[in-house]
Each structure stands twice: as structure tokens, then as C-alpha cells.
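Subject: Structure handover

Hi,

Here is the structure I said I would pass on. Have a look at it first, and then read my notes below.

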Amino acid sequence: MSARRLLLMLALVALPACDIGQVTVAEPVSSVIAEVYLRVDDGIPDGVALLHRTTGSDQIPVQGAVIEIQGEGPQVGRFAEQSLEDCIDGELPLDFEPICLRLVGPSRSLVQPGATLTVSVELPEGQRLEGVVTMPSDFEIVKPLTAPGLCNLPPRSVLPVMWTQSEGAWAYVPEAEINGLRDAFAEQGIEVQSDPVTLLGLSVSQSDTTIAFPSEFGIFNRFSGDREVLVALQGGLPPASDVDGRVVVSAQERNATNWNRGGIFNPSGQVRVPSLFGEGTGVAAGVVNRSFGFVVNASGDVPDCAGGG
Amino acid sequence: MRRLSAVVAVCILLVATGVAQAASAQDPGGLDGRVVDSDGLPLQAVSLLVFEIDAENPIRTVSTDQAGYFRVEPLEVGRYRLEFLRLGYYPVEREVEIEAGARIRVDVELRARAITLEGIRVEGERDRTRVRFLEEAGVTTREITADQLRLLPGLAESDPVRAIEFLPGVVAPTDFSASFNVRGGSADQNLILLDGFPLFNPFHLGGVFSVFNADLVERVELSSGGFPAEFGGRVSSVLQVESNPGPGEFRVDGGVSLLAARAAVSGGLSDGIQDHLGLRDGRYRVAARRSYVDQLLRPVATVPYAITDLQGIFRGWGEGGSRWTVTAYSGRDVLDLGRIDADDFPLRVDLDWGNQLLGAGWFRPLEGGANLEGRVGITRFSTGLRFPDFDDSRFESRIRQITLSGSGQLPVGGAWTLKSGGSAEHFRWGNLAETGGTTFADDVGGGWNTAAFAQATWRRPGAWIIEPGLRVEGWSGDDGARVVEPSPRFSVKRFFAGGEAALKASVGRYVQFLHSVRDEELPLGIDLWVTAGEDISHVVSDQAQLGIEAFPGQGWLVALDGYYRKFDGVVTTNLASNPNDPADDLLSGRGRSFGVDLFVERTVGRVDGSLSVSWLKADRTFPDFISGREDRPEITFSPIFDRRLDADLVLRFPLPRDWEGGMRWHVGSGIPYTRPLAAYAPFGPRQTKNGSLRWLGLEGPSADDDAAVAILLGPRNAERYPVYQRLDVSARKDYHREWGRISPYVDILNVYNRSNVLFYFYDFRADPPQRTGLSMFPFLPTLGVEVRF
């Protein structure tokens, strides 16, 4: 939450404002939303797309849409429709009917760090969206040295994670998935709502290539129900034998950063900055990921995260 | 551009006519002198009315300056009757004979009246307005006195900044902020001065109240256009809040409102101290104000918010007529949500902000109507947001300005007066935002804004005032930016109808090297300041105005101004900025506004007050970063302060049982907003889940949370909220007792509970889609009491 929104929220709580009565308004416009994420995950190229429409609008099906990517050469990569489980993590809103597509075949190799790709989305009715994405360049995690392998993280310690710069990255969004926190924190009376816990960090700009784990993760959850957990994680992970997980450092380029951070303030919802243009809106995002695993209180043959060996 | 050219042509024509008439005039004489009280102390703002010996209407009206001096020149050869008037003093009349080419001296002593008569008060206020009319060429200035302020309905207590909202050309987009816009200018283009020294964010509670304690205010003046060359710093308006140092004897003014308790103590220096300092008189006033709800409710509840203001003014007069003024202010808002149990309120933050100001001024009258003036001061603002649970997160903003200025005025013979001066202002600012180990902003900057000006005023009483001037502004930024902007100004006023009416015109260029990066579309907020530099443009505004002012009858003023303004170099925060490019955090754009302001005021009779009607059209053009396109196509839209039609009726009237009543009825056309056209479910990628997408509605406190909705917007600010209306009333009564005075008061805001829209919320998930909203102030009664002894 930005400081200005925080201020606004605080002040509005304190002010004598009143609700204005409900009025029925015109049907919303029907628009296609296309979210196309191209990624290179520890060297493995992939692409996933979610196609849906604006809420409450005429639900013209998006089935049959064609999504293609093309680099500077003639080779074209095509997305194929998959089951929703292949795209979606967790529940979906009610009455939500998206389709999921995944990049298939050898053309996945088009998705490489540093590549510039044109993304096109064409619906059966002929509606078309197009955008261009330049993938961030490849990078390496330099601390812990064991990346992408596993390392031992002592409890109640904070690990400085460092990586090399990814050319073209606007931000890095490190993401941690931590297993076993529910049981580990139960003794302290701290309730963990879900297990595993997924926490996001943020390093803004190409040159900001460090983050402390786990203390600097979860910055988007600090005022939610996870606050108590995040406060407890400021000093490190709890001393339990079954806490482990994975940290992914995700270098994100312009389109991904703009779409996810949102634009101007509007009280009715989040405003996203698009990178797919035409008859609809959406994002053509490029991310390059590097990761490592960790175990708390691992047995002796797992190298130490801090020392790397 | 053609409009501007036409105005310039009219001005040139008026000047040419005036010069021709001046050439045929006879060699005139003049008079000057000084007005003091029975203790020999100079009296400022004494109105001097000059009558031809048998005439009923004055041909000239002037006012004494800060050292009690006045000067009337030129005057045709002949006999005149002089009338000296000031609130609280017996009027004095004199007759004088003016001879060709000679200036005679008239010194006057006024004796204090035991009882202040209402008729004298009204006459005094009328004459201040009239003095401006007769002495100033192009500037449009409206004034609110302390007495008027107290009868303007307010939120909890009188607010000098809120009070100006009823003046023509002023738009206050929301009830929740005392921030205002003048004639299509941005809020950061208003210079807010306390006794001549700037304050950057003079507001409490994110803008709901101003920091000014009405007990210390002598008057509030808003200059909204036609500024002469001596004005600089901001391009849109100058709001001057002038403190009253009190009567020079021990007195306590206090009050309790629903907002705060306050007290002001005034007094005078002892003879020994005065002698030691070489002063003839010294007066001071210090005041404190603090909110008390947190202390009052401490046994039963934790109130995490408190405000504190400390303010002081000292004014001393030297033997030679010099006047010294020292002004000080310190205020702080503290919002410490960390004191509340986290289970009750998980948003644990500690936020504070405030201003500090210390300034000293010196004024020295010289023989023959000349004078010298100097100022030195420091003002600063800082705010900090901290998170008790997370040491890695903080937000800080600060700005400091050091000012050194001086000017001199010199009658140079004939009808000409020359005023010139200069200033050097040093700015230093810093904005820091960091959380989770990353730094969103860590910017510092500053520089020197130097300026020199010269303006000449040529007066032919009852006929012409012509005021050419030149101001040269220089900016030397810490980042190496160097800018020099000549800013020519020209004003002309042509009197007619026997001097009871005048046509005035002015053109000028105005320059500003300071910006606030606050999003004005947020109804609350704190200005965060940056200065111009290599990557941040400065504002250049060319402005023209044409107006007419008339006094159609006893106690009546009618003024009509039309204006055109062009703003180059205004900035907006680029919310889609490239984090690798610090030069694109702010985007430069342009704007323009034009409109008409009508002001009708009545200052006599049982019912007095004013009517303001303003018509405005404003736009802003910026690169459209929301489009997402690399080339950022330009977008032109109406800013939130583009309230096309704005009308205010303010009345003061007697009520039964010696109560005094006040009312303000404000009607304004709707301000613009951007309508959402549709909503969709927002997703975010999960890299630890093979890049799967996760509905963000699962991340918030509930699936109904606003974070679960993303929206598609229609054209920027293409829709408008409904008409704004609000009727506020106030009533107060002074009970005089042997020990002093006690004054209870009641203010009621929004008497007929009009739901003025603050925001609309569009819910496209509902079937059928719904629009709800949040209103501004509802029916809101407040009360308080003031005491004086």
C-alpha cells in the first residue's frame, strides 16, 4: 500500500462521511482481458495465458482464441488451450469463465532471456490485441552459492539473498514459499492461515539486487491477517525441523511491472497499465526466474545458506 | 494567443491615452505626513480622505503605512479638507492649501475612543477596500477581517484558510481539504504566507483544518491575479495571513471547540526592556492550541491523534519610526496507531507532520515618503511515516526554505513612485520511501531562487494609474540546472464615473521553481515538494486579466474580472515510471484556464455580506502514462478543480436577543471524475507455482475487498459529479462582563443535509450493476466558546 493511499484511508476512517444511495447503472462494456506471461524459469522457457472478459458484461466466449508469439525470425509460437488447473492457483471468482492457454511445442524456445517478442491475441469474432515484450536478460543468484540447489538456513537468522543484474528488469519480485510454518508457530500461539505460506518481496530497479530472507518478504501482506506471522518472521524462521521451502527471484520487465503495480487512483478499483492494445486490454509480460531451496535445521550434508558450502 | 495580444493592445492604447493627458497637466503639489496615537506611536492603516474644500465625495483616499506615514501626490493647486479615520479613534479633520510644485507636511495625532462605534468600524473597512481601489493598479485582492472571520460558519472553529473559499475564483474541490485552487491554478501554485513568510503545508488532519489560530489573525488577504513585479514565488495566488500583536497590554483570549482548546496571551514590553532595546513600544502575543480529545478520553479509550500549534508575534517600534516584527510558528500532527491494540486495528503506523517557521522583518520609513524594508526567515516542513512492527519501512519528506529579501520605495518626483528590491531563497528538500529492503524513492535536491524587481507607478488621481515593472527570476539548482526568466508585468487602471469606477487591465509572466507531487485527485493528502532541476521543469505562466470595479453606492462594491492564464511546465507524477530512469518520475505538461469572476459586496447596514460568482474553464495536458504505450500520447483533460460555475452567498445579520448570525450558501457545478466502464478480476503470477495465476481477491482480507477488482476507465475526467450545494449557518453572542467577555457560538454545516459526492463506487459485480458513493460533510453541528479577559 502506498503512503498516500494509507493516508487517505486513515483520514477517511476519521471523517464524518456518509454513504450515498445505491443507483443502478448501465451495463458495463464488454472487453477482452488477456494476460500473457512469458517466462524463463531456471533456464526453462514457458508461457501461460489467461483470457477472460470484464465482469457482468455479455459473456461472449473467448474459447477458440489464438495466441501467438513471434521473434525477429519467421518462427511462430502458438498457445494451446489447457485445463484451468494448469493456469490457476487457488479459487476463482464466482461466475468467472476464463480460458487458459499454454505455450506448446518446440517454439517455446522463442522465449529466451533478452528476446523481443510480438504477442498477438485473436478471438474467433475477429477481435485482435497485440503487444511487444522484451524479456529481461539472464542473471544468477550469487548468494546463497548453492542456488538453484538446497541449503541449510539456521533458525532465527536472516539470509541476505543477492543476485547479478538482469538487463532490462524494472523490478525483481522475489517470492518465497514456506512449508511447515503453521505447526512451527502453533507453540507461540501465532495462527497461520494457510500452509504453505507464500510471501512476496520487492526490489525496485535493475540495480537493486539484494533482499533479506525472510524479514523483507511479505510486504504486501503486512496489514492483513498475516501481520502477526510477518512480525514473527522479522528475526528469521522458527526453530522447527520441518520448515522448508523455495525462494524464486523473478526479474520482471516493463510490461509486467506496469500491469502489476497499477496506475492512477480510482475508488472503484485497481487501474492497470496495459501492454496489449487493440480490441481489449491486457498484458504481455516477460519474467526470468532463478531460485534456490532451503531447509531449516537440515542434516549435516546440506550446505549452509550463508556460507554456501 | 490572439486573446493575449488583444489585451496587450488595449493596455498599450490605455497607456498612450494616459501619457497624452499627463503631458497637458499643470505642475501639481502634494502633501505627506505621519499619524501617531496619543503615546506618539505610529498608527498603521489610518484612512486619509482628501476632499475638495466644499465637496462631499473624496477625490483621493490613502492609507498610512506600517510606520504611520502617508503621502498624497500629485494634488492640483487649491484648498483641501483632510479627514483621518481609524477604528477605535476619534476622527480628525484638517484643511490645507496646496501650492504649485510644493509638498506640505501634515502630522496628526489621533486620540483613542473609549467606546468603539459600529459606524466607525464599517467606515474603516470600507476605506481599506477603497484605498486599494485608488492606489493599486492591476492586482485583484480581497480581504477578510478578523470580525468577518468569526461570523463565517466553520468546522469546529474559525479557519482563516477555509474562509477564503467563498471568494471569487477560489475552488475547493472537497469538504475534506482546506487545500484550494485559484483561477485554474494547481494547489501548489498558491503561496501561503504568515506575516510574509511561507508555510508549505499549513494544514492539520491531512488538510481538514488550517494551522492558523483565528485568535491571532488580524486579516486574511487573497491576491488572485494581476500581480505587480514585487510578487514572486508562485504563479497562481498569494494568501497572506497577518497576525495581530494585540493591544500592548495584558490580555488573554481563549476558546474551546470540538477540535481543540486554545489560548493567546498578549502584552507589552516593560519600559525598562523597551529602553534597553531602544524601542518606543513593543507588543507581543503568543498562542497555543491543542486538541484535547485524546486526553479527555484517555481513561476509557485510546485516541491516537493529536495536534499542537504554538504561534507568536512580536512587533516593536523604534524611536525613528522603524518597525520590527518577529513571527514564530511550530505545529505538529501526531497519529500513532501503534498505541491501539493490534487486534482492534492492525494498521499499526506512526505518522507525524508539521511546520516550523521563524522570521524577522524590518521596516524603516524615510523622509519624503520613501521607505526600506527587509526580511529574513526560515521555514520548514517535515513528515514521517513509520511502522513500529517493521523497522525496514519508512517514509519521510522534508523541505526547508531560507529567505532573505529587501526592497525600497522612493517617490522620484511628479506622479512617479519607484519600488525595487530583491530576494534570495535557498531550498533544500528530500523525499524517502523504503520498505522491505527496497527503496522506492530517495531523492534530495534544492537550489537558490534569486530575484530582482523594479516597478514604477504613475498616478494621476481620479484618472489613471499605470504600473510597468520587470522581475527577473533566477534558479540555480544543486543538480547544475541554471535558469533565468525575465518576467515583465504591466498594469493600467482608468478611472471614470467621477472616480467611483475603474477599468483595469494587466498582463504579466510569472515563474515558479517549486512543485508539489501530491495527486490533487485524492481528497486528502500532504504536499510533497520538489524543486525544478535538470529533470524537472519549472512553471512559466503568462496571464492577462481585464476587470472593472465600481462603488455604486454607500458601502457597495462591484467587481468583475475576466482572465486568461497559460501554464507551461506543470508536472504530474508518472505512476508508470521506469525505475531505472530517475529522470522520468515526473512528467512535464501544460495547462490553461480562463474565466470570469464577479464579486458584489455590501459593508453597511444591518445585513451585510457578499455574493461571488465564478465561471471557469481549465484543462491540463500531459503525456498519458496510463495508456501503457511507449510513446505516451498526450491527453488533455479537465483537472479536478475545473468547477465551471461556482457561486457563494455570504451574509452577516443580527439575530434576536443580541445574537449575531452568519450564513454561507455555496452552489457549484460538479467537478470532473473518471468513470469506470467495466471491472474485471485481477490476477497475479505465482512463480513458486510454475507461473500459475492467482486471483488477487484471495489476497485481501476478504474476497469483497476492493483489491479484488480491477477496472477499465472511460475518458479521463470526462464525467462530472452532481451539483454541489451546502448551506452553513452560525450564531454567536458576546456576553460582556466586568472581567472580560465570553462568546458562545454554534456552527451548523450542511443545514439541509445535502449529499455532495466525494466519490462514486461502481460495482459491476452486482446484478444489475450498481453505483454507490461516499458523500462529503453531512449535517454537522458544532459548538464552542471563546473568552477574553
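How many Å separate the centres of domain 1 of chain A and domain 2 of chain A, taken over C-alpha atoms? They are 27 Å apart.

Before going on, some housekeeping. This is a predicted model, where local features need pLDDT of at least 70 and side-chain atom pairs count only at pLDDT 80 or more, while totals for chains, interfaces and linings use all residues. Residues are numbered from 1 along each chain as its sequence is written, and chains are lettered from A and ligands numbered from 1 in the order in which they are written.

**Chain A overall**

Chain A holds four helices and 20 strands (DSSP runs, H or I of at least four residues for helices and E of at least two for strands, numbered from the N terminus). Its C-alpha trace spans about 60 × 60 × 35 Å along the principal axes. The radius of gyration of chain A is 21 Å, which agrees with the value near 19 Å for a compact globule of 309 residues (taken over C-alpha atoms, with the globule rule being 2.2 Å times the number of residues to the power 0.38). Of those 309 residues, 48% count as buried. For that label, 20 or more other C-beta atoms must lie within 10 Å of a residue's own; 12 or fewer makes it exposed, anything in between partly exposed, and C-beta atoms are placed from the backbone.

**The two domains of chain A**

The split gives domain 1 (30-137 + 253-287) and domain 2 (141-251 + 290-296), with bounds from an automatic or database domain assignment. Nine residues of domain 1 of chain A are in contact with eleven residues of domain 2 of chain A; contact means C-beta atoms, placed from the backbone, within 7 Å. On the domain 1 side there are two nonpolar, four polar and three charged residues. In that sorting, Ala, Val, Leu, Ile, Met, Phe, Trp, Tyr, Cys and Pro are nonpolar, Asp, Glu, Lys and Arg charged, and the others, Gly among them, polar.

A:Pro136 sits in the loop between E8 and strand E9 (141-143) of chain A. It counts as buried because it has 29 C-beta neighbours inside 10 Å. Leaving aside neighbours within four places in sequence, its contacts include A:Pro113, A:Ser166, A:Ala251 and A:Gly286.

**Cores**

The largest nonpolar core has 187 residues (a set of buried Ala, Val, Leu, Ile, Met, Phe, Trp, Tyr and Cys residues joined through C-beta atoms within 7 Å). Strand E20 (residues 281-296) of chain A gives the largest share of this core, nine residues. A second, separate core of 19 residues includes B:Val46, B:Tyr80, B:Leu82 and B:Phe84. Back in the largest core, A:Leu38 is among the residues with the most contacts inside it. Not counting residues up to four places away in sequence, A:Leu38 touches, among others, A:Ile69, A:Val111, A:Val133 and A:Ala285.

**Helix H4 of chain A**

Seven of the eight residues of helix H4 (residues 254-261) are buried, including A:Arg254 and A:Trp259. Both chains help to cover them: E20 of chain A and strand E41 (683-686) of chain B are included in the cover. After H4(A) comes A:Gly262, with a positive phi near 80 degrees.

**Where the chains meet**

85 residues of chain B are in contact with 87 residues of chain A. E49(B) gives the most to the chain B side, with six residues. That side divides into 51 nonpolar, 23 polar and eleven charged residues. Strand E18 (residues 270-271) of chain A and E43(B) run parallel and are joined by two bridges, and at least two bridges found by DSSP are needed for strands to pair. The partner of A:Gln270 in E43(B) is B:Ala710.

**Backbone oddities**

Most residues other than glycine have a negative phi, and most peptide bonds are trans. Here are some exceptions:

- The peptide bond from A:Asp195 to A:Pro196 is cis, with omega near 10 degrees.
- A:Phe213 and A:Pro214 are also joined by a cis peptide bond, omega about 5 degrees.
- B:Arg632, not a glycine, has a positive phi of about 40 degrees; it counts as partly exposed because it has 17 C-beta neighbours inside 10 Å.
- B:Arg657 has a positive phi of about 60 degrees, and with 6 C-beta neighbours inside 10 Å it counts as exposed.

Cheers

How values were computed. Contact = placed C-beta atoms within 7 Å.
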